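Thanks for sending this one over. Here are my notes, in the order I would walk through them at the bench.

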Amino acid sequence: MKHFFLFFLFGFSMALPKLPLSFSLTKEELLGKISVQNHPNFVRFVSGEKILYLRKEAYEALSLMREAAHRDGLSLSVISAFRSFEDQKHIWESKWRRLASFYPNPHTRCRTILRYSSAPGTSRHHWGTDVDLVSVDPAFFQTKKGKKILAWLETHAPHYGFERPYTHLSNRRGGYEEEPWHWSYRPLATNFLALYLTTVSLTDITGFEGAETLKEIDLWEYITGIAPSLLP
Ligand SMILES: [Zn+2]
């Protein structure tokens, strides 16, 4: 049944390239519960002092894009790539504890964290298809250098398969704040989102501090609150 579904999803999709069945992800993998070290579909690379991982196709496309940017005098450093459920849990729980005294109401605290951070199990970074480039500070993209980099990416990134899910909020139906740094490798990510929407339910989003409060919040608003071109 599952293979039939995948054949349907990948075999008949006209807009997206056909993917081999090795790209079918389990629910656990979609939730970031995957070991990428020594995984045959992932590439390990170094950016600054960080060791990062991406799916091979995304990494190859990113490398070509970074080379092109370099030829135009721009450096596209990679701040973040694949993140596991545990990585996201660490980010989420750090914020959850740090904001406890500012936002004692847990619902308000969740909404505040969700302005920029995903709940564990709901991050696109879990898929190995998404990257944060250059800076995760919104103010940087207001500087001359930041504007130049964003303009270059907006012109050239789609040629390499990268699109920005978190564009200005007026261009989508809700979700996280605008993130000029977050780029998604569309040929894989859109298929993974389609799989996510049919495989994962919000009851799977559990196992971290604040998860109980998140049950009061419609997380689909965040998961699908992306640029329409990246929706399946
Ligand atoms: Zn990101």
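Is Val134 buried or exposed? I start there, then work outwards. Please keep in mind throughout that this is a predicted model.

1. **Val134.** This residue is buried: 21 other C-beta atoms lie within 10 Å, and the cut-off for that class is 20 or more. Val134 sits in the loop between β4 and α6 (144-156). Its backbone deserves a look too, as phi is positive, about 70 degrees, although the residue is not a glycine. Most residues other than glycine have a negative phi.

2. **Asn38, another positive phi.** Here phi is near 65 degrees, again in a residue other than glycine. Asn38 belongs to the loop between α2 and β1. In contrast to the buried Val134, Asn38 counts as exposed, because it has 7 C-beta neighbours inside 10 Å.

3. **Lys33, in that loop as well.** You will find Lys33 between α2 (27-30) and β1 (42-47). It counts as partly exposed, because its C-beta neighbours inside 10 Å number 16. Setting aside neighbours within four places in sequence, the contacts of Lys33 are with Glu28 and Phe85. If you are curious about Thr203, its C-alpha is 16 Å from that of Lys33, while the two residues are 170 apart in sequence.

4. **The chain as a whole.** It has nine helices and six strands. The radius of gyration is 17 Å, which agrees with the value near 17 Å for a compact globule of 232 residues. Along the principal axes, the C-alpha trace spans about 50 × 50 × 35 Å. Of the 232 residues, 33% count as buried. Sequence-distant contacts are well represented: among those between residues at least 6 apart, 74% join residues at least 24 apart.

5. **The four-stranded sheet.** In what order do the strands of the open sheet run? The order is β3-β4-β6-β5, with antiparallel pairing. The edges are taken by β3 (78-80) and β5 (162-163); each has a single partner strand, so one side of each is left without a neighbour in the sheet. Helix α3 (residues 56-71) packs on this sheet and touches β4, β5 and β6, with its direction at about 125 degrees to that of β6.

6. **Bridges inside that sheet.** Strands β4 (residues 130-133) and β6 (residues 182-185) run antiparallel and are joined by three bridges. To trace the register, pair Asp132 with His182 in β6, and note that Val131 stands opposite Trp183 in β6. On to β3: two bridges join it to β4, also antiparallel, and the partner of Val78 in β4 is Leu133.

7. **The β1-β2 hairpin.** Six bridges join β1 to strand β2 (residues 50-55), and the two run antiparallel. One pair to look for is Arg44 with Tyr53 in β2. The hairpin has two residues between the strands, and Gly48 takes a positive phi near 65 degrees.

8. **Helix α3, one side in and one side out.** This helix has 16 residues and reaches 23 Å from its first C-alpha to its last, close to the 22 Å expected at 1.5 Å a residue. Its buried residues are Ala58, Tyr59, Ala61, Leu62, Met65 and Ala69. Looking down the axis of α3, these fall within an arc of 165 degrees, so they line one face of the helix. Turned away from that buried side are the exposed residues Glu67, His70 and Arg71. Just after α3 comes Gly73, with a positive phi of about 85 degrees.

9. **Helix α5.** Which residues of α5 (residues 106-113) are buried? They are Arg109, Cys110 and Ile113. The arc they cover around the axis is only 100 degrees, which puts them on the same side of α5. An arginine in that set may catch your eye, so do check Arg109 on screen. The buried residues of α5 pack against α4 (85-98) and α8 (211-214).

Terms used:
Residues are numbered from 1 along each chain as its sequence is written. This is a predicted model: local features need pLDDT of at least 70, side-chain atom pairs count only at pLDDT 80 or more; totals for chains, interfaces and linings use all residues. The radius of gyration is taken over C-alpha atoms; the globule rule is 2.2 Å times the number of residues to the power 0.38. A residue is buried if 20 or more other C-beta atoms lie within 10 Å of its own, exposed if 12 or fewer, and partly exposed in between; C-beta atoms are placed from the backbone. Two residues are in contact if their C-beta atoms, placed from the backbone, lie within 7 Å. Two strands pair if DSSP finds at least two bridges between them. Axes are lines fitted to C-alpha atoms, for helices over the stretch in contact, and angles run from 0 to 180 degrees between N-to-C directions. The arc is that of the directions from the helix axis to the C-beta atoms. The expected span of a helix is 1.5 Å times one less than its number of residues.
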